[in-house]
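This report looks at charged and aromatic side-chain contacts. The sequence and structure are shown first.

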Amino acid sequence: MDHTATHNSPRTWFLTSSLSPLCIRLIRLLLAHGDYVVACLPPQEIEHDDRSAEFRELINECKSSRKDREGWKDRIRGIRCDGRVMGQCGAAVAEAVHIFGRIDILLCCKFEAVVGTVEELSATPATRNLVRDQFETLFFSQVNFIKAALPQFRAQHTGHIMILTSIGGHIGTPGMSIYTAATWALEGFCDSLAYEIAPFNIKVTIVQPNKEIQSLTNKIIFAPQLPFYDSEINPAPSIRDMLTNVLNTNPDTALDPPRFPQPPPPSSSSASAASDDGHHHHQHPNPSVAPPEDIQYRYPRLPAAALDRLVTETVHALTAIGGHENPPARHIVGFEGSIAVKEKLRTITEELEDFVEASLAVDIFESELKVEAREGRAAMEAALGGGSGSGM
């Protein structure tokens with residue numbers, strides 16, 4: 001078999017998770033282009049009727065006699081696969097190669113977001129388990145697929161690994177600390193991986209749309225809210241409020257409002273916190289703020305037209321970059337995301353400049369960089385202060 005497929009040739013795509021509205025629209029575009037698609041189906045999602053409905057519709061279309069769907073059923077293969085199980089990932093890759101002969105693009109596109117502040121995710125054993133689950137879903141499952149595909153890519157001496165994350169890979173988000181941590185872990189892994197596999201002609205690209213694009217097209221998990229993080233008293237930006245407002249527009253996905261317990265009235269027993277020996281025993285600082293409600297899970301339901309507008313840019317970016325002869329290491333989708341990342345990088349650069357002397361102070365030997373920094377600082381002070389430091 002010829003292993004030198006070009007960007008315009010039919011390509012074989014392997015999607016690690018294929019039930020999101022974004023992936024459904026991507027698959028349609030790929031099949032229309034003449035590409036081949038291996039669609040991994042996480043068991044816990046394919047068994048969810050609402051989540052899998054659009055994918056089942058797509059498969060029925062592929063089997064139909066419509067002229068514009070001719071040949072689609074022969075170029076798509078659905079495989080039930082739990083990415084958290086390494087053996088299943090290896091079996092899925094082997095099946096893909098057996099059916100289509102090769103894999104050109106591995107698209108790591110599994111996503112779900114845990115919403116909750118650090119304290120909210122530390123409140124109970126159940127919320128602490130969400131931290132581990134987030135890493136299993138976003139990091140370890142995708143690493144498993146990458147490890148399973150690497151031997152095949154090396155044998156082909158070509159391949160393209162694409163990681164669909166979000167600008168959360170650059171910018172932290174209040175209320176999504178664990179999601180951000182798992183995203184950064186995956187991106188850091190891929191940054192190192194890219195150097196390791198470059199000699200085998202295997203490329204790596206990280207694609208970063210806005211967080212809302214991923215969050216509003218995948219499962220969202222809400223840890224119970226603590227009262228002191230309620231937006232009415234806490235000025236921090238609230239991703240929880242934004243997502244809740246979207247979900248509440250549909251009665252089928254509306255969230256139960258938080259129910260903060262009232263502190264118990266003062267009683268004589270509260271005065272007995274001190275023991276007879278006069279020492280105060282340790283107690284929780286406020287036992288009344290323990291989360292009173294269960295963790296809530298939702299798949300957002302947006303109108304089809306709204307979903308189309310939300311994901312179109314990302315879908316076209318993936319098809320344009322996937323399998324490209326010289327793809328970018330990172331691609332930020334959309335104007336707003338690009339501006340946000342530029343602002344973050346500008347802040348980092350300015351802080352680096354502000355403290356460059358402190359950074360270079362640890363150098364043992366005089367360096368050109370240290371001299372340049374000192375001269376640059378002197379020029380800046382002269383320009384701003386008009387020689388105010390001449391008396392020193």
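## A charge over a ring

Over which ring does the charged end of R154 sit? The ring is that of F200, and the charged end of R154 lies 6.0 Å from its centre. The model is predicted, and the contacts described below are computed from it.

## Salt bridges

The model holds 22 salt bridges. In one of them the side chains of R11 and D35 meet, with 3.0 Å from N to O. R11 belongs to the segment before β1 (12–15) and D35 to the loop between α1 (21–33) and β2 (36–41), so this salt bridge ties together parts that are 24 residues apart in sequence. R11 and D35 are both buried.

Another salt bridge joins the side chains of E45 and K110, at 2.3 Å from N to O. This pair links distant parts of the chain, 65 residues apart: E45 is in helix α2 (residues 43–46), and K110 is in the loop between β4 (105–108) and β5 (112–115). Both E45 and K110 are buried.

## Helix α6 and strand β10

The side chains of E187 and R330 form a salt bridge with an N to O distance of 2.8 Å. E187 lies in helix α6 (residues 177–197) and R330 in strand β10 (residues 330–332), so the pair links distant parts of the chain, 143 residues apart. How exposed are the two partners? E187 is buried, with a relative accessible area of 2%. R330 has 30% relative accessibility and counts as partly exposed.

A further group of salt bridges shares partners, joining R28, E61, R66, D68 and R69 into one network.

## Aromatic pairs

There are 6 aromatic pairs in the model. In one of them, the ring centres of F111 and Y179 are 5.4 Å apart and the planes stand at 70°, so the pair is edge-to-face. F111 is in the loop between β4 and β5, while Y179 is in helix α6; the pair links distant parts of the chain, 68 residues apart. Both rings belong to buried residues, F111 and Y179.

Are the rings of F139 and F140 stacked or edge-to-face? Their planes stand at 80° with the centres 4.9 Å apart, so the pair is edge-to-face. F139 counts as buried at 14% relative accessibility, whereas F140, at 40%, counts as partly exposed. F139 and F140 form one aromatic cluster with F189.

Definitions and conventions
Residues numbered from 1 in each chain as written. Heavy atoms only, no water. Salt bridge = Lys/Arg side-chain N within 4 Å of Asp/Glu carboxyl O. Helix = DSSP H or I, 4+ residues; strand = E, 2+ residues; numbered from the N terminus. Buried < 20%, exposed > 50% of the residue type's maximum accessible area, 1.4 Å probe, protein only. Phe/Tyr/Trp six-rings, centres within 6.5 Å; stacked < 30°, edge-to-face > 60°. Lys NZ or Arg CZ within 6 Å of the ring centre and 35° of its normal.
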